[in-house]
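Biologist: I should be grateful for a close look at a single residue and the part of the fold that surrounds it. Please take me from that residue to its contacts and then to the sheet.

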Amino acid sequence: MQTILSGILGTHRKAWGIRPLIAPRLQIGPTRFRIPDIMVLRNTDPKDPIITFAPLLCIEILSKDDRLHEIQERVDDYASIGTPITWVVDPWKRIGYHASTKGFLQPDDHTLRVAGTPIAVSLPDLFTQLDES
C-alpha cells in the first residue's frame, strides 16, 4: 500500500507541486520524533534530512493489528506542529479517513483530498491497484 500510494503521489508531484517522502523523520519536539509512512511536502519546502516544520500531509497506513484509537496519538502529534491533515488508510477494511484532532472521518465520495490543493486520491482506485499487485 505504501508503494502504491507514494507512486500515485509521485506521478502527480509536478502538477500538484509536492514531494512525497517514504518514512521520513519528523521532529515533533526537542526530543520527540515520528516517522509517518508517507509525508507530503510542498516543492518549496526545504530539503532537510529531518523535517522540523509542518508538512502539507502525513499518511498512516494501518497494519492488521493497528487500532484507530492508537493512531489518534500520531495524528495529534502531527497536528501539534501545524500539519493540516492526516490521511489514515486501512488496506484490510478497504477504507480511508481524513484524520484530525477531532477524530476520523470517511469521505462521502470515497476520495481523500487536501483542502485548498488539487491533491485527491480515489480510494476505490487505490484498492484496485492493491488487488492487482
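Modeller: A residue is called buried when its relative accessible area is under 20%, and exposed when that area is over 50%. The model shown here is predicted. In this model Val89 has 0% relative accessibility, and therefore Val89 counts as buried. Val89 lies in strand 7, which comprises residues 86–90.

The surroundings of Val89 come next. When neighbours within four places in sequence are left aside, Val89 is in contact with Met1, Leu5, Glu60, Ile61, Leu62, Ile95, Gly96, Leu112, Leu126 and Phe127. One of these partners is Leu112; Leu112 and Val89 are 23 residues apart along the chain, and their C-alpha atoms are separated by 9.6 Å.

The strand that holds Val89 can now be placed in its sheet. Strand 7 belongs to an open sheet of 6 strands, ordered 1-4-6-7-8-9, with mixed pairing. At the edges are strand 1 (18–22) and strand 9 (103–105), each of which pairs on one side only. From one strand to the next, the twist averages 25°.

Within this sheet, strand 4 (residues 38–42) and strand 6 (residues 57–61) run antiparallel and are joined by 3 bridges. Here Ile38 stands opposite Ile59 of strand 6. Helix 1 (residues 2–11) packs on the sheet, where it touches strand 1, strand 4, strand 6 and strand 7. The direction of helix 1 makes about 165° with that of strand 1.

How values were computed: Residues are numbered from 1 along each chain as its sequence is written. This is a predicted model: local features need pLDDT of at least 70, side-chain atom pairs count only at pLDDT 80 or more; totals for chains, interfaces and linings use all residues. Side-chain values use heavy atoms; hydrogens and water are left out. Helices (H or I, at least four residues) and strands (E, at least two) are DSSP runs, numbered from the N terminus. Buried means under 20% relative accessible area, exposed over 50%, partly exposed in between (1.4 Å probe, protein chains only). Contact means heavy atoms within 4.5 Å. Two strands pair if DSSP finds at least two bridges between them. Axes are lines fitted to C-alpha atoms, for helices over the stretch in contact, and angles run from 0 to 180 degrees between N-to-C directions.
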